[in-house]
Amino acid sequence: MAMSSILNADDIKKSLDAFAVAGSFDHKKFFEMVGLKAKSFDEVKKVFLVLDADNSGFIEEEELKFVLQGFAKDGRDLTDKETKEFLRAADKDGDGKIGVDEFAAMVKE
């Protein structure tokens with residue numbers, strides 16, 4: 001499933017452009033700009049399933065690094081620091097990965 005079937009393609013492009021510089025990623029601002037914050041749990045879950053590249057039911061640190069590419073193929077990789085901060089912000093149970101409920105809660109922050 002393409003992100004553009006869930007989110008507005010222009011919003012995706014603007015959001016990726018806003019965080020194109022390495023070290024600039026802010027998940028709260030990104031989710032708001034891309035329009036995900038205003039979506040229902042079911043729509044957020046669809047985005048989660050796209051980002052869960054290995055279909056494990058979790059987004060692991062390695063998948064987080066490529067999260068922007070989940071929104072558009074030309075999205076940049078997150079830096080190691082951005083990836084770790086993103087994981088820390090979402091991983092409420094401390095298991096080193098993000099479940100769908102953790103992801104949804106983070107999106108709605």
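# Buried residues, helix faces and salt bridges

Trainee: Where is D91 found?

Mentor: D91 is found in the loop between α6 (80-90) and β2 (97-98). Helices are DSSP runs of H or I with at least four residues, strands are E runs of at least two, and both are numbered from the N terminus. This is a predicted model, in which local features need pLDDT of at least 70 and side-chain atom pairs count only at pLDDT 80 or more, while totals for chains, interfaces and linings use all residues. Residues are numbered from 1 along each chain as its sequence is written, and side-chain values use heavy atoms, with hydrogens and water left out.

Trainee: Why is D91 said to have no salt bridge?

Mentor: The nearest side chain of opposite charge, K97, is 8.9 Å from D91. Lys and Arg count as positive and Asp and Glu as negative, with His and the chain ends not counted. A salt bridge needs a side-chain nitrogen of Lys or Arg within 4 Å of a carboxyl oxygen of Asp or Glu, so K97 at 8.9 Å does not give D91 one.

Trainee: What does the side chain of D91 reach at 2.7 Å?

Mentor: The side chain of D91 reaches the backbone nitrogen of G96 at that distance. The backbone nitrogen of D95 lies 3.2 Å from a polar atom of the D91 side chain. A polar contact is a pair of N or O atoms within 3.5 Å; within protein, one must be able to donate a hydrogen and the other to accept it, and residues adjacent in sequence count only if both atoms are side-chain atoms.

Trainee: Which side chain of opposite charge is nearest to D52?

Mentor: That is again K97, 10.0 Å away, and D52 is likewise buried without a salt bridge. D52 lies in the loop between α3 (41-51) and β1 (59-60). The side chain of D52 reaches the backbone nitrogen of G57 at 2.7 Å. Not counting residues up to four places away in sequence, D52 touches G57, F58, I59 and E63, where contact means heavy atoms within 4.5 Å.

Trainee: Why is T83 called buried?

Mentor: The relative accessible area of T83 is 3%. Buried means under 20%, exposed over 50% and partly exposed in between, using a 1.4 Å probe and protein chains only, so T83 is buried. The place of T83 is in helix α6. Leaving aside neighbours within four places in sequence, T83 is in contact with E61, L64, K65 and L78.

Trainee: How do you know that the buried residues of α6 are on the same side?

Mentor: The buried residues of α6 are E82, T83, F86, L87, A89 and A90. They cover an arc of only 160° around the axis, which puts them on the same side of α6. The arc is that of the directions from the helix axis to the C-beta atoms. On the other side of α6, D80, K81 and R88 are exposed. The buried residues pack against α2, α4 (61-64), α5, β2 and α7.

Trainee: Which residues of α1 are buried?

Mentor: In α1, I12, S15 and L16 are buried. Their arc is only 95° around the axis, which puts them on the same side of α1. The face turned away carries the exposed residues D10, K13 and K14. What covers the buried residues of α1 includes α2 and α5.

Trainee: What makes D17 and K13 a salt bridge?

Mentor: The N to O distance between the side chains of D17 and K13 is 3.0 Å, and that value is inside the salt-bridge limit, so the pair counts. Both lie in helix α1, 4 residues apart, about one turn of the helix. K13 is exposed, with a relative accessible area of 51%, and D17 is partly exposed at 49%.

Trainee: How far apart are the closest N and O atoms of E109 and K28?

Mentor: They are 3.9 Å apart, and E109 and K28 form a salt bridge. The pair links distant parts of the chain, with E109 in the segment after α7, K28 in helix α2, and their positions 81 residues apart. K28, K92 and E109 are linked in a network of salt bridges.

Trainee: How many salt bridges does a search of the whole structure find?

Mentor: The search finds 8. One of them joins E32 and K37, with the closest N and O atoms 3.9 Å apart.
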